[in-house]
Amino acid sequence: MIAVNPKNLEAEMTRASISRKTIADLIGCSYRTIHARFNGEQGWTYGECVTIRDELFPQMTLEYLFPYEKSGVRA
């Protein structure tokens with residue numbers, strides 16, 4: 001699991017009218033789990049990030065959609 005900041009993902013979801021439930025269904029987890037991930041209470045797997053990008057935002061980079069935190073400094 002990696003610690004990512006999902007703010008860009010959420011912005012793109014809003015632009016495309018994609019809900020958190022859609023993301024949860026896509027990666028096979030509950031709404032409660034996806035809520036925890038968006039709130040930073042749980043991490044995202046690399047595979048989940050790739051699936052979301054490939055299926056919903058293929059024109060965007062992983063680095064843009066899921067900027068990660070490294071030693072408390074945004075990378």
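In the predicted model, helix α1 is followed by Ser 17, which has a positive phi, near 55°. The residue is not a glycine, yet its phi is positive at about 55°. Ser 17 belongs to the loop that runs between α1 and α2. With a relative accessibility of 70%, Ser 17 is classed as exposed, because the cut-off for that class is over 50%.

Helix α1 itself contributes several buried residues, namely Asn 8, Leu 9, Glu 12 and Met 13. Viewed down the axis of α1, these buried residues fall within an arc of 140°, and they therefore line one face of the helix.

Confidence was examined along the chain. The protein has an average pLDDT of 90, and 88% of the residues score at least 70. The highest mean, 98, belongs to helix α2 (residues 20-27), whereas the lowest, 47, belongs to strand β2 (residues 73-74).

Charged side chains were considered next. Side chains of opposite charge can pair when their charged atoms come close. The structure holds five salt bridges. One of the five joins the side chains of Arg 20 and Glu 10, with an N to O distance of 2.6 Å. This pair links distant parts of the chain, since Arg 20 is in helix α2 and Glu 10 is in helix α1 (residues 7-15), ten residues apart. The two partners fall into separate accessibility classes: Arg 20 counts as buried at 18% relative accessibility, while Glu 10 is partly exposed at a relative accessible area of 28%. The value for Arg 20 is placed in the buried class because that class covers residues under 20%.

A salt bridge is also formed by Arg 37 and Glu 48, whose closest N and O atoms are 2.5 Å apart. Arg 37 is located in helix α3 (residues 31-38) and Glu 48 in helix α4 (residues 46-56), so this contact ties together parts that are eleven residues apart in sequence. Arg 37 is buried, with a relative accessible area of 8%, and Glu 48 also counts as buried, at 11% relative accessibility. Arg 53 and Asp 54 provide a further salt bridge between side chains, at 2.6 Å from N to O. Asp 54 counts as partly exposed, with a relative accessibility of 42%.

Aromatic contacts were then searched for. A pair of aromatic rings is described by the distance of the centres and the angle of the planes. The search of the whole structure finds two aromatic pairs. In the pair of Phe 38 and Trp 44, the ring centres are 5.2 Å apart and the planes stand at 85°, so the arrangement is edge-to-face. Both Phe 38 and Trp 44 are buried. Together with Phe 66, Phe 38 and Trp 44 make up one aromatic cluster.

Cysteines were examined last. The count of disulfides is zero, the criterion being a pair of cysteine sulfur atoms within 2.5 Å. Cys 29 counts as buried, at 19% relative accessibility. Cys 49 likewise counts as buried, with a relative accessibility of 3%. Both values are assigned to the buried class because they are under 20%.

Technical notes:
Residues numbered from 1 in each chain as written. Predicted model: local features only at pLDDT ≥ 70, side-chain atom pairs only at ≥ 80, totals over all residues. Heavy atoms only, no water. pLDDT = per-residue confidence, 0-100. Helix = DSSP H or I, 4+ residues; strand = E, 2+ residues; numbered from the N terminus. Buried < 20%, exposed > 50% of the residue type's maximum accessible area, 1.4 Å probe, protein only. Salt bridge = Lys/Arg side-chain N within 4 Å of Asp/Glu carboxyl O. Arc of directions from axis to C-beta. Phe/Tyr/Trp six-rings, centres within 6.5 Å; stacked < 30°, edge-to-face > 60°.
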